[in-house]
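Subject: Structure handover

Hello,

I am passing on the structure we spoke about. Please have it open while you read the notes underneath.

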Amino acid sequence: MRESASLMMRGDKLQPELAAALDGSEAGAIYEVSVHKVSAEDAAYFLETRAKVQEGLADIEAGNVIDAEEFHAELQKKFGITVSR
């Protein structure tokens, strides 16, 4: 079994996930699509990172966020770290 492959596809034939990754696609345009098998470690890291991002997005959606100024003040108070812009 090959570990990777490339092929050419018309924009209107791209899977929705691929078109979304391109922020859309042109129906008549031709795209080169490459796929590569990843290691189990890389796949696990990807899935873990995606889960953390989804968790962060859910926190934002639920309003579980802290104002940047409050966070900077908390860092300074707790660790003596000053954040400047």
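The notes below go through helix α2, the salt bridges and a loop residue.

Please keep in mind throughout that this is a predicted model.

Helix α2

Helix α2 covers residues 40-62. With 23 residues at 1.5 Å a residue, α2 should span 33 Å, and the C-alpha atoms at its ends are indeed 33 Å apart, so the expected and the modelled span agree. Just after α2 comes Gly-63, whose phi is positive, at about 85°.

Ile-60 belongs to this helix. Is Ile-60 exposed or buried? Its relative accessibility is 55%, so Ile-60 counts as exposed, because the cut-off for that class is over 50%. Ile-60 is also part of a nonpolar patch on the surface, together with Val-53, Leu-57 and Val-65. The accessible area of these four residues together is about 380 Å².

Salt bridges

How many salt bridges are there? The count is 2, where a pair qualifies if a side-chain nitrogen of Lys or Arg lies within 4 Å of a carboxyl oxygen of Asp or Glu.

One of them joins the side chains of Glu-48 and Lys-52, with an N to O distance of 3.1 Å. Both residues sit in helix α2, and because they are 4 residues apart, about one helical turn separates them. Glu-48 has a relative accessible area of 44% and is therefore partly exposed. Lys-52, at 55% relative accessibility, counts as exposed.

The other pairs Asp-12 with Arg-10, whose side chains meet at 2.8 Å, again N to O. Here Asp-12 is partly exposed at 42% relative accessibility, and Arg-10 is likewise partly exposed, at 39%. Both values fall between the 20% limit for buried and the 50% limit for exposed, so the middle class applies.

A loop residue

Where is Asp-23? It lies in the loop that runs between α1 (16-21) and β2 (30-36). The phi of Asp-23 is near 55°, which is a positive value in a residue other than glycine. Asp-23 is exposed, its relative accessible area being 75%. When you look at the loop, then, Asp-23 is a residue to find on the outside, given that 75% is over the 50% cut-off.

That is what I have for this structure.

Regards

Notes: Residues numbered from 1 in each chain as written. Predicted model: local features only at pLDDT ≥ 70, side-chain atom pairs only at ≥ 80, totals over all residues. Heavy atoms only, no water. Helix = DSSP H or I, 4+ residues; strand = E, 2+ residues; numbered from the N terminus. Buried < 20%, exposed > 50% of the residue type's maximum accessible area, 1.4 Å probe, protein only. Patch = residues over 30% accessible without salt bridge, like charges linked within 9 Å, V, L, I, M, F, W, Y side chains within 5 Å. Areas by Shrake-Rupley, 256 points an atom, 1.4 Å probe, with all protein chains shown as cover. Expected span 1.5 Å × (residues − 1).
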